[in-house]
Amino acid sequence: MTTAQLRQHGGPSVPARPMMNKVPQVTALFWVIKVLTTGMGETASDFLAHVMDPMIAVALGAVGLVTCLAVQFRLDRYVAWVYWTTVVMVSVFGTMAADVLHVGLGVPYTEATPVFVLVLAVIFGAWYATERTLSVHTVNTRRREAFYWATVLATFALGTAAGDLTATNFGLGYFASGLVFTALIALPALAHAKLGLGAVAAFWSAYVLTRPLGASFADWMAVSHTRGGLGLGLGPVTLGWTLVILALVAYLSTTRRDIEA
C-alpha cells in the first residue's frame, strides 16, 4: 500500500484547481505516526474529560479541530506539522464524538459501531460518485480534501466505537483487543499482495483499523491494574505518545522523506 501503488489504482488525477497533493507519501513511518495519533487522541480525550467539564472539553476539541482544518485548507501543499496536528485534533474530537454518543446519549457500542459504518459508507459513496476515485494520492482539489477529512473523522469515530466494543462489550480487555486489531490490520496488506485487493481499498481498510489498534494499546497503558492495564495514567501516556509524535514529525519536516519527489 505505497504511494506508487495508490497512484496506479487511483483514478483520474487532474485537479479542478492547481494544488499539490495534500496527503503525505504512504510509507511505514506514515502508519507508525497514524497509530500513535490514534492512541494519543484516545487518552487525551479521556484526560480532558476528567480534568474539566466534559461539555467544555468537547467545545475546546471542536474549536481546535476547526482551527486546524482552517489552516490546513488554506495551504496549497502538504506541510507535515500542519497535517499531523490536524490528524491529532481529528483523533481527539473523533473520540469525543463517539464518547458523547455512548456516554452522553446512552447509545450502546453495539449500535454506535454500525451507525459509524453507515456514515463512513455514505461519505465514501458520495466521494466516489463525485470524483470517481478514493485515492489519497489525488487529494489535490478543495473538494477532494473536504471528502478526505470527512472520511478521516468518520474513521476515527468508527474506530473508537469498535475498539471499545471489543474491549468492553466483548470482554476482551484493552491488551487483548490491541492484539486482535494488530492481527486484523495485516489482512488488508495480505489481501492486496495475495488476493488482488486494490491498493485504495487496502489502504482505507487498514486506515480504519489503526484507530482501535492505537487506542486499545494506549488505554491498556493508561488504565488501572484492576482494569487490566499498566496503570500509568491518562496524562503521562498522552504526554509520552505526544513527544514521540513530535519527534517523528520533526524528523519528517527536516528530511522531507514523506514528500513525493
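Guide: The radius of gyration here is taken over C-alpha atoms, and the globule rule is 2.2 Å times the number of residues to the power 0.38. Keep that in mind as we look at this predicted model.

Visitor: What makes the radius of gyration of the chain agree with a compact globule?

Guide: For 261 residues, the rule gives a value near 18 Å, and the chain has 18 Å, which agrees. Along the principal axes, the C-alpha atoms fill a box of roughly 55 × 40 × 35 Å.

Visitor: Which secondary structure elements does the chain have?

Guide: Nine helices and zero strands. Read from the N terminus on, the elements run α-α-α-α-α-α-α-α-α.

Visitor: Why is helix 5 called roughly antiparallel to helix 6?

Guide: Start with the angle: the axes of helix 5 (residues 109–131) and helix 6 (residues 142–169) cross at roughly 160° and come within 9 Å. That crossing makes helix 5 roughly antiparallel to helix 6, since angles over 145 degrees count as roughly antiparallel. The crossing of the two helices is left-handed. As for the residues in the contact of helix 5 with helix 6, 19 are nonpolar, seven polar and four charged.

Visitor: And why are helix 6 and helix 8 called oblique to each other?

Guide: Their axes cross at roughly 45° and come within 8 Å, with helix 8 covering residues 199–222. Angles under 35 degrees count as roughly parallel and those from 65 to 115 as roughly perpendicular, with over 145 being roughly antiparallel and the rest oblique. Helix 6 and helix 8 are therefore oblique to each other. Helix 6 passes helix 8 in a right-handed crossing.

Visitor: Which residues make that contact between helix 6 and helix 8?

Guide: From helix 6 they include Tyr148, Val152, Phe156, Leu158 and Asp164, and from helix 8 they include Trp204, Tyr207, Arg211 and Asp219. By class, the contact of helix 6 with helix 8 divides into eight nonpolar, five polar and three charged residues.

Visitor: How do you know where confidence in the chain is highest and where it is lowest?

Guide: The mean pLDDT of each element tells us: helix 9 (residues 234–255) is highest at 96, and helix 1 (residues 3–8) is lowest at a mean of 52. For the chain, the mean pLDDT is 88, and 93% of its residues reach 70 or more.

Visitor: Where does pLDDT stay under 50, and how many contacts does the model have there?

Guide: Over residues 11–17, where the model has 16 contacts beyond four places in sequence.

How values were computed. Residues numbered from 1 in each chain as written. Predicted model: local features only at pLDDT ≥ 70, side-chain atom pairs only at ≥ 80, totals over all residues. Heavy atoms only, no water. Axes fitted to C-alpha atoms, helices over the stretch in contact; angles between N-to-C directions. Helix = DSSP H or I, 4+ residues; strand = E, 2+ residues; numbered from the N terminus. Left-handed = near helix turned anticlockwise from the far one by under 90°. Nonpolar A, V, L, I, M, F, W, Y, C, P; charged D, E, K, R; others polar. pLDDT = per-residue confidence, 0-100. Contact = heavy atoms within 4.5 Å.
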